[in-house]
Amino acid sequence: MKGTQYVARKPDESGFIHYSDDEHGVWNTLITRQLKVIEGKACQEYLDGITQLDLPMDRIPQLSEVNRVLERTTGWRVAQVPALIPFETFFALLASQQFPVATFIRTREELDYLQEPDIFHEIFGHCPLLTNPWFAEFTHTYGKLGLAASKEERIFLARLYWMTIEFGLVDTPMGRKIYGGGILSSPKETVYSLSAEPEHLPFDPIEAMRTPYRIDILQPVYFVLPELKRLFQVAHEDIMGMVREAMQLGLHKPRFSPKAA
């Protein structure tokens, strides 16, 4: 794994995680700004989850607060992890209905973007939809499959995760909306993803697995679900059969320039 400047904060003997006033201030800046940006752009299931979580505005939430809501709605929990974890740990946590949350928050110098997923990205971006049974079922199935997959199969599964859980769009009766946590925690990508600039493709799991991506740019293509329940349906289809077909067909040509050395 690559290195990171960030160090996750560990809980004390009582399970409480202490943050500085400045870190709480960063959370306040991020959540205040992003709640305004996502107005009219996030899917209703995500907004329902935001309401249920009732995240504090003035401080970083404790994981126990998030767990109380997730356990009540879908049986999920969040798990405190270091800033970076290996694939094996990631899949094992999802397979046991635990969503990994690195307990650090970005610095003010990286308010708009950082490569490592921090506590704002994980809790604000992903946890609201973990209150939704369809999304939770898909994420759980994904973890179980990833845990049993080969190294090469995991690379294709990672693209499916990227194009859905991180950067997915969905058509709704109220228009095209966002459900991907990577978009919903980014002010710039929230606006950009629904604009006419990127390409929008109908969701196809095999095509998603064959589509290369870069983590450090605005995405050139987004896959659009016909409805959020489609994720639940995919969870009960032969995903590993799709992985094998995608591997046989090979990758599409990247829609982006190579990263500079």
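Helices (H or I, at least four residues) and strands (E, at least two) are DSSP runs, numbered from the N terminus. With that in hand, you can place D118: this residue sits in the loop between β2 (98-102) and α5. Before we go on, note that this is a predicted model, in which local features need pLDDT of at least 70 and side-chain atom pairs count only at pLDDT 80 or more, while totals for chains, interfaces and linings use all residues. Residues are numbered from 1 along each chain as its sequence is written, and side-chain values use heavy atoms, with hydrogens and water left out.

Is D118 buried or exposed? A residue is called buried under 20% relative accessible area, exposed over 50%, and partly exposed in between (1.4 Å probe, protein chains only). D118 has a relative accessibility of 0%, so it counts as buried. Its contacts (heavy atoms within 4.5 Å) are with A102, F104, I105 and R106, once neighbours within four places in sequence are set aside.

Now let us follow the chain into α5. Helix α5 covers residues 119-126 and holds H121. UniProt, in an unreviewed entry, places the feature "binding site" at H121, H126 and E166. These three residues are spread over 46 residues of sequence, yet they cluster in space, with a largest C-alpha distance of 10.1 Å. Of the three, H121 and E166 are included in the lining of the largest pocket. UniProt positions follow the numbering used here, feature names are shortened, and annotations may be inferred rather than shown by experiment. As for the pocket, picture a 1 Å grid over the protein atoms alone: a pocket is an open set of points where a 1.4 Å probe fits, with protein on both sides within 12 Å along at least five of seven lines, and lining residues have an atom within 4 Å of a point.

What does the side chain of H121 make a polar contact with? Its partner is the side chain of E166, at 3.4 Å. A polar contact is a pair of N or O atoms within 3.5 Å; within protein, one must be able to donate a hydrogen and the other to accept it, and residues adjacent in sequence count only if both atoms are side-chain atoms. E166 belongs to helix α7 (residues 151-166). H121 counts as buried because its relative accessibility is 10%, and E166 counts as buried at 11%. Beyond four places in sequence, H121 is in contact with R106, H126, E166, G181, G182 and S185. With the same kind of neighbours left out, E166 touches residues including H126, Y161, G180 and I183.

After α7 comes a pair of strands. Strand β3 (residues 169-172) and strand β4 (residues 175-178) run antiparallel and are joined by 4 bridges; two strands pair if DSSP finds at least two bridges between them. They form a hairpin with 2 residues between them, and V170 stands opposite K177 in β4. T172 is part of β3, and its side chain has two polar partners worth finding. A polar atom of that side chain lies 3.0 Å from the backbone nitrogen of M174, and the side chain of T172 also reaches the backbone oxygen of G175 at 2.7 Å.

Next, look inside. A nonpolar core is a set of buried Ala, Val, Leu, Ile, Met, Phe, Trp, Tyr and Cys residues joined through side-chain atoms within 4.5 Å. The largest one has 72 residues, of which Y46, I123 and Y179 touch the most other members. Helix α7 gives the most to this core, with 8 residues. A second, separate core of 8 residues includes Y6, A79, V81 and L114.

Two loop residues deserve a look at their backbone. Most residues other than glycine have a negative phi. D54, which is not a glycine, has a positive phi of about 50°; it is found in the loop between α2 (44-53) and α3 (63-73). D54 is exposed, because its relative accessible area is 62%. Q97 also has a positive phi, near 60°, and is placed in the loop between α4 (87-95) and β2. At 27% relative accessibility, Q97 counts as partly exposed.

Our last stop is T211, in the loop between α10 (205-209) and β6 (221-225). T211 counts as buried because its relative accessibility is 2%. A polar atom of its side chain lies 2.6 Å from the backbone oxygen of E207. T211 and K253 are 42 residues apart in sequence, and their C-alpha atoms are 7.7 Å apart in space.
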